[in-house]
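I opened this notebook to keep track of what I looked up, going from a helix pair to a sheet and then to the meeting of the chains.

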2 protein chains.
Amino acid sequence: MLSAALADGSAHIPCSFEVFARRLPNGRRYGVVAGTARFIEALTRFRFGPDELDTLGSFLDGSTLEWLRKYRFSGDIDGYREGDLYFPGSPVLSVRGTFAECVILETLALSILNHDSAIASAAARMSSSAGSRPIIEMGSRRTHEEAAVASSRAAYIAGFSATSNLEAVRRHGLPGAGTSAHAFTLLYTGADGPNEKAAFAAQIRALGVSTTLLVDTYDISAGVANAIEVAGPDLGGVRIDSGDLGVLAGQVRRQLDDLGATKTKIVVSGDLDEYAIAALRAEPVDSYGVGTSLVTGSGAPTAGMVYKLVTVDGRPVAKRSDHKQTRGGAKAALRATRATGTAVEEVVYPLGSPPPIDDDLVGTPLTVPYVREGHVVDGLPALADSRALLRSRLVSLPWEGLKLSNGDPAIPTRFVDA
Amino acid sequence: MLSAALADGSAHIPCSFEVFARRLPNGRRYGVVAGTARFIEALTRFRFGPDELDTLGSFLDGSTLEWLRKYRFSGDIDGYREGDLYFPGSPVLSVRGTFAECVILETLALSILNHDSAIASAAARMSSSAGSRPIIEMGSRRTHEEAAVASSRAAYIAGFSATSNLEAVRRHGLPGAGTSAHAFTLLYTGADGPNEKAAFAAQIRALGVSTTLLVDTYDISAGVANAIEVAGPDLGGVRIDSGDLGVLAGQVRRQLDDLGATKTKIVVSGDLDEYAIAALRAEPVDSYGVGTSLVTGSGAPTAGMVYKLVTVDGRPVAKRSDHKQTRGGAKAALRATRATGTAVEEVVYPLGSPPPIDDDLVGTPLTVPYVREGHVVDGLPALADSRALLRSRLVSLPWEGLKLSNGDPAIPTRFVDA
């Protein structure tokens with residue numbers, strides 16, 4: 001594509017591309033935008049060095065290679081903020097420049113936004129289900145080693161309290177947390193057999209009694225008894241990682257209380273998803289560890305966003321294939337809310353022409369500038385801002401929108417024609 | 001864990017850890033091992049530099065930090081070959097050394113093996129369904145940007161013919177392939193409206209008539225007519241990316257034949273998975289482009305492998321939690337096959353004690369050495385070897401084992417006690 005368009009000059013025509021999702025996955029009520037700042041950062045490093053050009057040289061002509069060698073994006077990018085909601089058709093990202101400089105960004109933009117938004121969208125449902133109880137992200141072992149770091153970041157935006165991924169702590173400044181594994185308890189096995197108390201004592205020597213002990217390696221009741229015997233009633237917490245967590249949480253709570261450890265917290269983990277978290281609402285659980293379902297998007301491992309050419313030299317363009325129709329033209333969006341703050345609809349309208357909004361509604365603009373003439377704008381939001389934004393956005397949804405069950409998007413999208 | 005075990009000396013006890021899957025996902029008949037060479041390569045780069053130690057310094061003591069600063073794995077690693085099959089309980093990887101040097105590898109080993117094996121396992125089913133028709137991997141836009149590269153590699157092991165991910169071409173030497181996007185056709189839109197023929201002509205000028213033209217941007221019949229009008233009957237191929245692919249493939253084949261383009265191939269893409277590929281067996285399709293379902297593991301985005309401590313100072317250890325029982329002791333495995341070559345069972349036995357095998361069966365050892373005393377062994381298999389191994393392994397499965405429908409593993413796993 002690039003080579004052919006450079007050869008006849010079409011490569012230099014001003015174009016705009018747009019990232020949007022045609023639908024939400026699996027009857028979800030809303031999606032959560034994440035990854036935009038990672039994309040912008042990756043864009044600044046998107047270069048074709050000698051190694052890359054050597055590979056491309058096997059099938060590209062010299063002038064295309066030379067164009068790639070000098071490649072620097074020089075256009076404009078706008079988009080939704082990380083932590084904002086999106087709905088079908090929301091113009092999550094708008095990329096404008098020459099055809100050539102925009103078209104080669106498709107994979108970079110989509111891979112990052114599709115992954116991170118899928119994780120954030122699942123994570124937000126889990127955070128909603130957990131309410132005020134904290135969730136630790138523990139999914140690194142169940143996804144690609146770099147996707148794990150990005151997943152931790154997306155989960156934090158979506159309300160998770162901490163991550164066990166230390167590289168995410170280092171790279172993104174997230175709060176770190178974790179507990180010990182069964183291997184640590186099993187390590188304390190001598191000629192006389194397992195010695196759970198020795199493992200607990202070693203952990204407490206290293207970390208103090210505020211630590212969380214994993215009590216389900218052998219027998220949970222014995223594990224709880226051993227934990228309190230070794231740590232005393234001021235033990236910080238116990239973790240249960242197997243069995244019927246609802247039943248066990250109740251049993252362990254009673255046992256802890258009987259032992260005087262009334263302030264010892266109960267952490268549960270083990271194949272939790274948003275539904276399992278919701279099912280534990282009435283149980284004496286203090287926090288959750290969530291792994292597999294988070295990093296796999298809880299059934300929706302990709303957000304299904306696409307990157308479509310919408311204008312060529314100012315003219316709207318759109319493909320007309322069955323079931324995949326695309327609305328042409330560059331777009332902006334706002335969210336119409338009632339005076340009470342409740343969202344009513346997503347309004348997608350032609351860029352540059354503010355849409356009609358009912359008098360009794362307030363329109364909040366949703367797109368912000370990220371890049372101008374190739375330069376990243378100052379003041380990209382911090383992760384904490386994105387996290388706070390999502391919290392406020394979820395509060396603005398109609399009640400139906402927070403249901404876990406499959407259904408329609410929480411608010412409709414209204415498309416205003418040019 | 002590390003800090004506590006270093007403090008009391010337990011960290012230095014010789015241990016072995018094992019990677020295995022308790023079950024196959026979603027009623028799958030077999031799993032495909034992938035990622036092992038990536039793990040071994042990552043192991044050689046697994047170091048704690050100043051940046052990492054600075055982050056860890058916020059909660060680790062000085063002697064633990066010093067131990068991490070000097071960290072080099074000095075133990076042994078054995079495992080299944082990439083491209084081999086695995087079944088529930090197969091000891092896919094065995095890591096032996098001190099507790100400390102092994103325990104910190106859990107996330108690295110599992111993230112790579114769980115991701116790559118999930119992709120390869122899904123890809124193998126697609127390759128089986130496609131038979132001799134080639135499949136191009138096109139999923140990069142639907143997964144994390146680095147997972148995309150690993151997915152291309154895993155798909156190639158599992159029989160895909162090429163990838164559209166150019167970084168995978170560069171990094172792993174995979175064959176590259178791709179077609180143009182709708183954006184390229186849309187680019188050729190002037191004041192008079194769309195000009196599909198101009199787009200096709202530009203592509204042919206750049207790549208010759210052996211190229212593949214995307215014909216479904218506007219109207220497929222008109223697109224095919226335009227393609228042959230511009231390219232002549234020697235056009236290499238046309239791609240259809242939307243609509244009812246089975247019906248359209250037949251229509252397009254007839255149209256191409258009527259236009260004299262009897263050798264022009266038909267490439268189909270658009271939400272294909274192993275079931276859709278199978279459903280197209282009787283249609284005149286020449287090759288497939290597969291994206292989303294490949295990189296998301298077609299419903300099983302993670303392989304669910306675990307990394308478990310199985311011996312401590314030579315003693316078998318195992319946790320005893322409900323539903324998560326682990327068999328202690330270091331293990332090896334062989335696959336028992338009939339003289340005809342058909343696999344009968346996976347035999348998992350204590351390392352060092354060859355298992356009883358029926359006289360009429362042949363036992364093929366499955367584990368090979370990867371690392372000895374911290375050094376990577378010579379002669380790790382090339383990707384082409386892994387690809388050839390899987391092809392031969394799939395041929396060895398009983399017929400039931402290649403069914404796409406949910407069911408039991410293709411062969412049972414027999415565990416031989418110590």
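Entry 1, a helix pair. In this predicted model, I looked up how helix α11 (residues 220-231) of chain A lies against helix α12 (residues 245-258) of chain A, and I noted that their axes come within 10 Å and cross at roughly 35°. The crossing in which α11(A) passes α12(A) is right-handed. I then asked which residues of α11(A) meet α12(A). On the side of α11(A) they are A:I220, A:S221 and A:V224, and on the side of α12(A) they are A:L248, A:V252, A:Q255 and A:L256. Sorted by class, this contact between α11(A) and α12(A) holds five nonpolar and two polar residues, with no charged ones.

Entry 2, a sheet in chain B. I traced an open sheet of seven strands in chain B and wrote down its order as β15-β14-β1-β5-β3-β19-β20, with antiparallel pairing. Which strands are at the edges? They are β15 (315-316) and β20 (375-376) of chain B, each of which pairs on one side only. I next followed one pair within the sheet, strand β1 (residues 14-21) and strand β14 (residues 305-312) of chain B, and found an antiparallel pairing over seven bridges. As a reference point along that pair I marked B:V19, which stands opposite B:Y307 in β14(B).

Entry 3, helices on that sheet. Helix α2 (residues 36-44) of chain B packs on the sheet, where I listed β3 (76-80), β5 (93-98), β19 (367-372) and β20 of chain B as the strands touched, and the direction of α2 makes about 10° with that of β19(B). Helix α6 (residues 106-130) of chain B also packs on the sheet, touching β1, β5 and β14 of chain B, and the direction of α6 makes about 140° with that of β14(B).

Entry 4, the two chains together. I superposed chain A on chain B and obtained a rotation of 180° with 0.0 Å of shift along its axis, at an RMSD of 0.0 Å. The two copies are thus related as by a two-fold rotation axis. For the contact itself, I noted 67 residues of chain A against 67 residues of chain B. Which helix gives the most to the side of chain A that touches chain B? Helix α6 (residues 106-130) of chain A does, with eight residues. By class, that side of chain A divides into 29 nonpolar, 22 polar and 16 charged residues. Finally, I recorded that 100% of the interface residues of chain A are also interface residues in chain B, so the copies meet through the same surface.

How values were computed. Residues numbered from 1 in each chain as written. Chains lettered and ligands numbered in written order. Predicted model: local features only at pLDDT ≥ 70, side-chain atom pairs only at ≥ 80, totals over all residues. Least-squares fit on C-alpha atoms with pLDDT ≥ 70 in both. Contact = placed C-beta atoms within 7 Å. Helix = DSSP H or I, 4+ residues; strand = E, 2+ residues; numbered from the N terminus. Nonpolar A, V, L, I, M, F, W, Y, C, P; charged D, E, K, R; others polar. Axes fitted to C-alpha atoms, helices over the stretch in contact; angles between N-to-C directions. Left-handed = near helix turned anticlockwise from the far one by under 90°. Pairing = 2+ DSSP bridges.
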